[in-house]
Amino acid sequence: MIWLYRLQQRLSITRQEGLAILTLAVLFLLGLTVRHLQNQQVPPVATDSLVAKSPTDTTGASSATSGPPPPSAEHPINVNTASSEALEALPGIGPALSERIVTYRSTQRPFQRVAELRRVGGIGPETLATLRPMVQVAPPDSVAE
């Protein structure tokens, strides 16, 4: 604790003030550690594995047989060609956000990478992490405009 004494001498602070600074520094480092651990979490589970099938549904077919399967890691949707309604099927995407995605890709340019979804207002790091396994971006030359 000689370094704490030297810090007190150099900054002309009391022992209590030195301990307060030390406590704040420890809490700051603890907060950084917790934030780092939260960022290292396992990716989210695909949404279709979270939905329980009804006991009467033995065929495995969904009630809406006419239409594409819901977006999942096995059936990702292309954000450059998906309709507003298809984008709303994604978790955390409502009507307003799906319209912003469609508007962005038509007014700015088609998405080159999935990470570019962050440029759309309302999509933050957590939403992007949730969407990443369920969306894909086709190469720009194969996107019909």
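1. Two residues are in contact here when heavy atoms of theirs lie within 4.5 Å. On that basis, among the contacts in the protein chain between residues at least 6 apart in sequence, 47% join residues at least 24 apart. The model is a predicted one, and each point below should be read with that in mind.

2. As to the overall layout, the protein chain has 6 helices and 2 strands, and from the N terminus on these elements follow the order α-α-α-β-α-α-α-β. Of the 145 residues in the protein chain, 23% are buried. The accessible surface of the protein chain comes to about 10,400 Å², and carbon and sulfur atoms account for 59% of that area.

3. The largest nonpolar core is made up of 19 residues, and those with the most contacts inside it are Leu87, Leu90, Ile101, Phe111 and Leu117. Helix 5 (95-107) and helix 6 (125-131) each supply at least two residues of this core, with the largest share, 3 residues, coming from helix 5.

4. Leucine 117, which is listed among the core residues with the most contacts, deserves a separate look in the structure. When its neighbours within four places in sequence are left aside, leucine 117 is in contact with Val79, Ile101, Phe111, Ile123, Leu128 and Val135. Two of these partners, Ile101 and Phe111, are themselves named among the residues with the most contacts inside the core.

5. Asparagine 78 belongs to strand 1 (residues 77-78). Its relative accessibility is 13%, and asparagine 78 therefore counts as buried, the limit being under 20%. The side chain of asparagine 78 reaches the backbone nitrogen of asparagine 80 at 2.9 Å, and, if residues up to four places away in sequence are not counted, asparagine 78 touches Gln136, Val137 and Ala138.

6. Which residues form the salt bridge, and how far apart are their closest N and O atoms? The pair consists of glutamate 116 and arginine 109, with the closest N and O atoms 3.4 Å apart, and the count for the model comes to 1 salt bridge. Side chains of opposite charge can pair when their charged atoms come close. As for the surroundings of the two partners, glutamate 116 is buried because its relative accessible area is 4%, whereas arginine 109, with a relative accessible area of 32%, is partly exposed.

7. On the surface, Met1, Ile2, Trp3, Tyr5 and Leu19 make a nonpolar patch of about 560 Å². Helix 1 (residues 2-11) gives the most to this patch, with 3 residues. Tyrosine 5, one of the patch residues, is found in helix 1, and with a relative accessible area of 47% tyrosine 5 is partly exposed, since that class lies between the 20% limit for buried and the 50% limit for exposed.

8. Serine 12 is a point of backbone geometry that I would inspect in the structure. Its phi is near 55°, a positive value in a residue other than glycine, and serine 12 lies in the loop between helix 1 and helix 2 (15-39). Is serine 12 buried or exposed? Its relative accessibility is 65%, and because exposed means over 50%, serine 12 counts as exposed.

Note on methods. Residues are numbered from 1 along each chain as its sequence is written. This is a predicted model: local features need pLDDT of at least 70, side-chain atom pairs count only at pLDDT 80 or more; totals for chains, interfaces and linings use all residues. Side-chain values use heavy atoms; hydrogens and water are left out. A nonpolar core is a set of buried Ala, Val, Leu, Ile, Met, Phe, Trp, Tyr and Cys residues joined through side-chain atoms within 4.5 Å. Buried means under 20% relative accessible area, exposed over 50%, partly exposed in between (1.4 Å probe, protein chains only). Helices (H or I, at least four residues) and strands (E, at least two) are DSSP runs, numbered from the N terminus. A polar contact is a pair of N or O atoms within 3.5 Å; within protein, one must be able to donate a hydrogen and the other to accept it, and residues adjacent in sequence count only if both atoms are side-chain atoms. Patches are made of residues with over 30% relative accessible area and no salt bridge: like charges are joined within 9 Å, nonpolar side chains (Val, Leu, Ile, Met, Phe, Trp, Tyr) within 5 Å. Accessible areas come from the Shrake-Rupley method with a 1.4 Å probe; for residues, only the protein chains shown count as cover. A salt bridge is a side-chain nitrogen of Lys or Arg within 4 Å of a carboxyl oxygen of Asp or Glu.
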